[in-house]
There are 2 protein chains.
Amino acid sequence: MLQPPPARPGQPESEIDTPALVLDLDAFEHNLDRMAALLAPTGARLRAHAKTHKSPVIAHLQLARGAVGQCVQKTAEAEILAWAGVPDILVSNEVIAPAKLARLAALARITRIAVCADDLAGIAAIEAAAEAARTRLTVLVEIDAGAGRCGVTPGPEAVALAQRIAGSPHLCFGGLQAYQGSAQHRRSPAERAALIGTAVEGARRTVEQLRQQGIACPIVGGGGTGSFALEAASGVFTEIQAGSYIFMDADYGRNLDETGAPVSTFRQSLFVLSQVMSAPRPGIAVLDAGHKAVAVDSGLPLVWNRPDLRFVSASDEHGKLEAAPETTSPKLGEKLRLIPGHCDPTVDRYDWYVGVRGGVVECLWPVAARGAMG
Amino acid sequence: MLQPPPARPGQPESEIDTPALVLDLDAFEHNLDRMAALLAPTGARLRAHAKTHKSPVIAHLQLARGAVGQCVQKTAEAEILAWAGVPDILVSNEVIAPAKLARLAALARITRIAVCADDLAGIAAIEAAAEAARTRLTVLVEIDAGAGRCGVTPGPEAVALAQRIAGSPHLCFGGLQAYQGSAQHRRSPAERAALIGTAVEGARRTVEQLRQQGIACPIVGGGGTGSFALEAASGVFTEIQAGSYIFMDADYGRNLDETGAPVSTFRQSLFVLSQVMSAPRPGIAVLDAGHKAVAVDSGLPLVWNRPDLRFVSASDEHGKLEAAPETTSPKLGEKLRLIPGHCDPTVDRYDWYVGVRGGVVECLWPVAARGAMG
């Protein structure tokens with residue numbers, strides 16, 4: 001069941017029902033503009049990842065600032081964006097199930113759809129779905145950019161898959177998918193640069209081998225919030241797939257720049273607003289937001305603007321705070337903003353963004369692809 | 001947006017779209033019956049916790065087997081059960097926000113509603129809401145049963161709160177909330193018994209002190225899937241608040257009995273069905289279920305009936321499996337059942353239960369209170 005919105009436009013932030021997913025609109029717009037400005041002088045364009053925001057509203061704000069399209073991970077996410085008029089969607093992931101491929105083929109009638117493959121059997125399944133729907137689908141070959149998850153080894157294996165795609169009557173070879181996920185949260189810029197250097201080299205080699213076979217490679221896609229500047233500057237990557245940059249989170253906040261300071265390119269715009277529901281003992285306060293309300297897979301949340309408070313444990317519906325001895329614990333009923341440890345899965349818990357500016361609720365946006373896992 | 005169901009009744013399990021929340025109905029019904037049979041000879045009755053299942057369908061199946069009512073943690077969960085005819089609901093948690101208390105007071109017109117308090121200010125807020133709605137609300141005093149989270153210390157502090165409730169014109173003192181959450185996953189029965197012994201002793205002492213003040217204590221509530229037999233046998237607890245017993249999970253599966261074997265009272269009935277979407281290298285397979293699809297706060301999932309496969313990492317939308325060297329890796333497209341590390345937050349990711357019996361989809365039930373956090 002869709003949950004009712006926790007606020008109305010015009011209300012003060014203090015009246016938002018908790019827990020709520022709060023978006024600081026000034027910081028969010030800064031992040032949108034900043035990414036557009038950073039990519040403009042490079043050869044790469046933004047294909048922002050909708051796995052982060054799951055929102056056609058936000059997709060259109062990114063497109064308005066020059067993004068070439070959107071990435072999604074799931075067929076159901078692609079549907080929700082396509083149904084809301086997003087014109088160019090890449091499923092940056094393998095899709096195997098014939099029922100899902102039939103849905104993607106159906107979407108190809110109303111929008112540009114591309115999908116990834118890393119196996120001949122996968123390509124055959126996509127071809128069968130496109131043929132049955134009497135349409136054409138664009139397919140990218142995923143190469144393992146170093147994360148050791150999906151994707152074939154860069155080089156001849158990828159070329160063989162591209163040839164199979166190019167030779168399939170209902171498919172179009174779209175290029176290479178080369179996302180290096182395990183580089184995104186390496187803390188030192190040197191580590192990130194080393195990992196992305198390897199990813200760039202594998203992609204460059206594969207593009208060259210494709211060219212030798214007479215196969216053009218329109219897209220080389222990858223790059224996340226932690227590494228995108230490296231891919232964008234590589235001369236090899238044509239599309240940047242960053243998602244989290246619009247929101248940021250505690251985990252990205254731990255990445256460091258060359259000076260050893262936290263990377264400050266983007267501002268924290270996403271928060272979970274929560275309320276102290278119990279304060280039974282000095283130095284302890286219990287919030288109404290546990291791990292059902294704020295994802296803990298990448299660490300516990302931080303308390304915004306309150307370095308004196310430590311979020312020490314999350315149970316299903318409770319978050320426990322400890323106060324540093326020199327300060328006063330938050331009072332019963334007090335509302336606090338949390339910085340999620342990880343923005344993507346936190347957003348996926350909610351039905352609504354509550355957009356806030358200057359302490360006042362300005363808008364409600366649905367998390368339209370919340371739970372779109374299929 | 002509500003996601004469409006991933007299956008239709010009558011389909012074979014192999015045709016369910018993935019990832020999906022699959023309920024083995026034989027095991028589930030065994031668990032329902034087993035709990036009813038275990039509690040029947042004790043003085044305690046079941047008030048099963050709906051934070052686990054978030055389903056009025058399941059609530060009514062528990063009531064039909066003798067449960068006295070349901071627990072919830074959230075006002076929004078109480079609404080969804082009350083609107084579906086559940087006749088007796090305890091919010092086993094403090095509720096502070098006046099807007100939420102007004103909603104609970106409104107529900108008191110159509111069902112029995114009780115809520116917890118651990119602070120005089122909280123009691124005043126509940127009284128104000130009940131007065132404004134011209135109704136009466138039942139309030140339980142939460143005592144800290146040893147978990148160090150919410151609740152006042154057993155004894156005089158709790159008695160003072162009970163007196164304040166009993167003296168409030170629109171409130172009725174309902175008893176004590178005494179859930180010991182930190183005992184539930186202690187592996188050895190001796191550890192669990194020691195912690196619950198302390199919880200029982202605190203509750204017993206508080207009930208006796210209430211009696212000395214002429215205050216009856218109709219409910220003493222607590223107990224979870226890991227400890228309920230101890231509370232039920234105590235002669236002090238009148239209501240058992242277990243939730244997970246209907247489903248079980250990998251974390252509860254690690255609790256041991258007196259012989260050192262895993263506790264086998266209940267069967268695993270809840271699964272996440274997932275599909276191999278990529279198998280790029282020998283010994284590795286990547287599933288379409290990551291931590292957005294299966295909660296990892298209490299550990300990674302296990303692969304059902306495949307001890308040779310290890311779920312080694314979860315990213316947002318991917319689960320990575322490693323195969324033991326002596327076996328064959330799962331093939332591209334193969335579907336596997338996962339045992340979630342933690343059942344409650346896993347259920348909260350989904351819109352539908354897919355009930356399966358004998359390999360065939362028998363029913364679809366909505367996870368009606370999915371995301372009901374407010």
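Visitor: How do you know that helix α4 of chain A lies across strands, and which strands of chain A are they?

Guide: In this predicted model, helix α4 (residues 75-83) of chain A lies across β3 (69-72), β4 (88-94) and β5 (112-117) of chain A. Two residues are in contact if their C-beta atoms lie within 7 Å, and the helix runs at about 175 degrees to β4(A). Because angles over 145 degrees count as roughly antiparallel, the value of about 175 degrees places α4(A) and β4(A) in that class.

Visitor: What makes the strands of chain A a barrel, and in what order do they close?

Guide: In chain A, 8 strands close into a barrel in the order β2-β3-β4-β5-β6-β7-β8-β9, and the pairing is parallel.

Visitor: How do you know that β8 and β9 of chain A pair?

Guide: Strands pair if there are at least two bridges between them, and 2 bridges join β8 (residues 219-222) of chain A to β9 (residues 239-240) of chain A, so the requirement is met. These two strands run parallel, and A:Gly222 has A:Ile240 in β9(A) as its bridge partner.

Visitor: Why are α4 and α5 of chain B called roughly parallel?

Guide: The axes of α4 (residues 75-83) of chain B and α5 (residues 98-107) of chain B come within 10 Å and cross at roughly 20 degrees. Angles under 35 degrees count as roughly parallel, and α4(B) and α5(B) are therefore roughly parallel to each other. The contact is made by B:Thr75, B:Ala78, B:Glu79 and B:Ala82 of α4(B), together with B:Lys100, B:Arg103, B:Leu104 and B:Leu107 of α5(B). These residues divide into 4 nonpolar, 1 polar and 3 charged.

Visitor: What makes the relation between chain A and chain B that of a two-fold axis?

Guide: A turn of 180 degrees, with a shift of 0.0 Å along the axis, lays chain A on chain B with an RMSD of 0.0 Å, and that is the relation of a two-fold axis. The same surface serves both copies, since 100% of the contact residues of chain A recur in chain B.

Visitor: How many residues of the chains are in contact, and which elements of chain A give two or more residues to its side?

Guide: On each side the count is given separately, with 56 residues of chain A in contact with 56 residues of chain B. The elements giving two or more residues to the side of chain A that touches chain B are α4, β4, α6 (120-132), β10 (270-278) and α10 (343-347) of chain A. Of these, β10(A) supplies the largest share, 3 residues.

Notes: Residues numbered from 1 in each chain as written. Chains lettered and ligands numbered in written order. Predicted model: local features only at pLDDT ≥ 70, side-chain atom pairs only at ≥ 80, totals over all residues. Axes fitted to C-alpha atoms, helices over the stretch in contact; angles between N-to-C directions. Helix = DSSP H or I, 4+ residues; strand = E, 2+ residues; numbered from the N terminus. Parallel < 35°, antiparallel > 145°, perpendicular 65-115°, else oblique. Nonpolar A, V, L, I, M, F, W, Y, C, P; charged D, E, K, R; others polar. Least-squares fit on C-alpha atoms with pLDDT ≥ 70 in both.
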